Amino acid sequence: MPLYDYMLLAKPLVTREAMAELVARVARRAYQRNGVVTDVKSFGKVQLGYGIKKLDGRHYQGQLMQMTMMVPPSFTKELHYLNKEDRLLRWLVVKHRDAVYGLEFINEDDGRNEMNGFSLAHTKHDYDIEIGSDDSESEFLTSSDEDSDDYNYGLEEEEKK
């Protein structure tokens, strides 16, 4: 089953108990379809970028809730009853694309090797500044610098061995 995020934006005057009841109703439906609620977050009152017009006026604030759950793909089509919910301003369903779960999650290396694709150090030849050119940077790099040729790069020493 894929992982989904459900974002619920309720009216600012809705009580916590009413929000909890709304979240519990969605979670009960998920459990009936053999789904699992993995996380519930409340972001509290948020200021909206624009007013959302409803029958009782225009709302510039809302209470934001996020539910993360694993449900069958057909479950998203069953949420049409949320359109008739007068406590909600908006709701949104987002599917996690690269979610890893089940046996694939157990066999994962936890990102231990994710930095292997990057180079460890820059060599002296990586820089495109020519010594003695007419560029403005050339006044900083001249052949008379004491440490320009004497500096030993760790990567060059490893290559010689």
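# Exercises on a predicted chain

The accessible surface of the chain comes to about 12300 Å², and 51% of this belongs to carbon and sulfur atoms (Shrake-Rupley method with a 1.4 Å probe; for residues, only the protein chains shown count as cover). The model is predicted: local features need pLDDT of at least 70 and side-chain atom pairs count only at pLDDT 80 or more, while totals for chains, interfaces and linings use all residues. Residues are numbered from 1 along each chain as its sequence is written, and side-chain values use heavy atoms, with hydrogens and water left out.

## Exercise 1: the chain

Determine which elements the chain holds and in what order they run.

**Solution.**
Step 1. The chain has 3 helices and 4 strands (DSSP runs numbered from the N terminus: helices are H or I with at least four residues, strands are E with at least two).
Step 2. From the N terminus, the order is β-α-β-β-β-α-α.
Step 3. Of the 161 residues, 28% count as buried (under 20% relative accessible area with a 1.4 Å probe and protein chains only; exposed is over 50%, partly exposed in between).
Step 4. Among contacts with a separation of 6 or more, 76% come from residues 24 or more positions apart (contact means heavy atoms within 4.5 Å).

## Exercise 2: strand β1

Establish which strands pair with β1, and in which sense.

**Solution.**
Step 1. β1 and β3 run antiparallel and are joined by 8 bridges (strands pair if DSSP finds at least two bridges between them). In this pairing, Y4 stands opposite M69 in β3.
Step 2. β1 also pairs with β4 in the antiparallel sense, over 7 bridges; here Y6 stands opposite V93 in β4.
Step 3. Strand β1 covers residues 3–10, and because 7 of these 8 residues are buried, the strand is largely enclosed by the rest of the structure.

## Exercise 3: the aromatic cluster

Classify the aromatic pairs formed by Y6 with Y4 and with F75.

**Solution.**
Step 1. The structure holds 2 aromatic pairs (rings of Phe, Tyr and Trp, the last by its six-membered ring, with centres within 6.5 Å; planes under 30 degrees apart are stacked, over 60 edge-to-face, the rest tilted).
Step 2. Y4 and Y6 lie 6.4 Å apart, centre to centre, with 45 degrees between the planes, and form a tilted pair.
Step 3. Y6 and F75 form an edge-to-face pair, at 6.0 Å centre to centre and 85 degrees between the planes. This pair links distant parts of the chain: Y6 belongs to strand β1, F75 to the loop between β3 and β4, and 69 residues separate them.
Step 4. Y4, Y6 and F75 form one aromatic cluster. Y4 is buried at 6% relative accessibility, Y6 is buried at 2%, and F75 is buried as well.

## Exercise 4: two buried polar residues

Describe the surroundings of Q66 and E85.

**Solution.**
Step 1. Q66 lies in strand β3 and is buried at 12% relative accessibility.
Step 2. Beyond neighbours within four places in sequence, Q66 is in contact with D5, Y6, M7, D39, V40, K41 and F43. The side chains of Q66 and D5 share a polar contact of 3.3 Å (a pair of N or O atoms within 3.5 Å; within protein, one must be able to donate a hydrogen and the other to accept it, and residues adjacent in sequence count only if both atoms are side-chain atoms).
Step 3. E85 sits in the loop between β3 (57–70) and β4 (88–95) and is buried, with a relative accessible area of 11%.
Step 4. The side chain of E85 makes polar contacts with the side chains of R25 at 3.2 Å and R87 at 2.7 Å. Not counting residues up to four places away in sequence, E85 touches L22 and R25.
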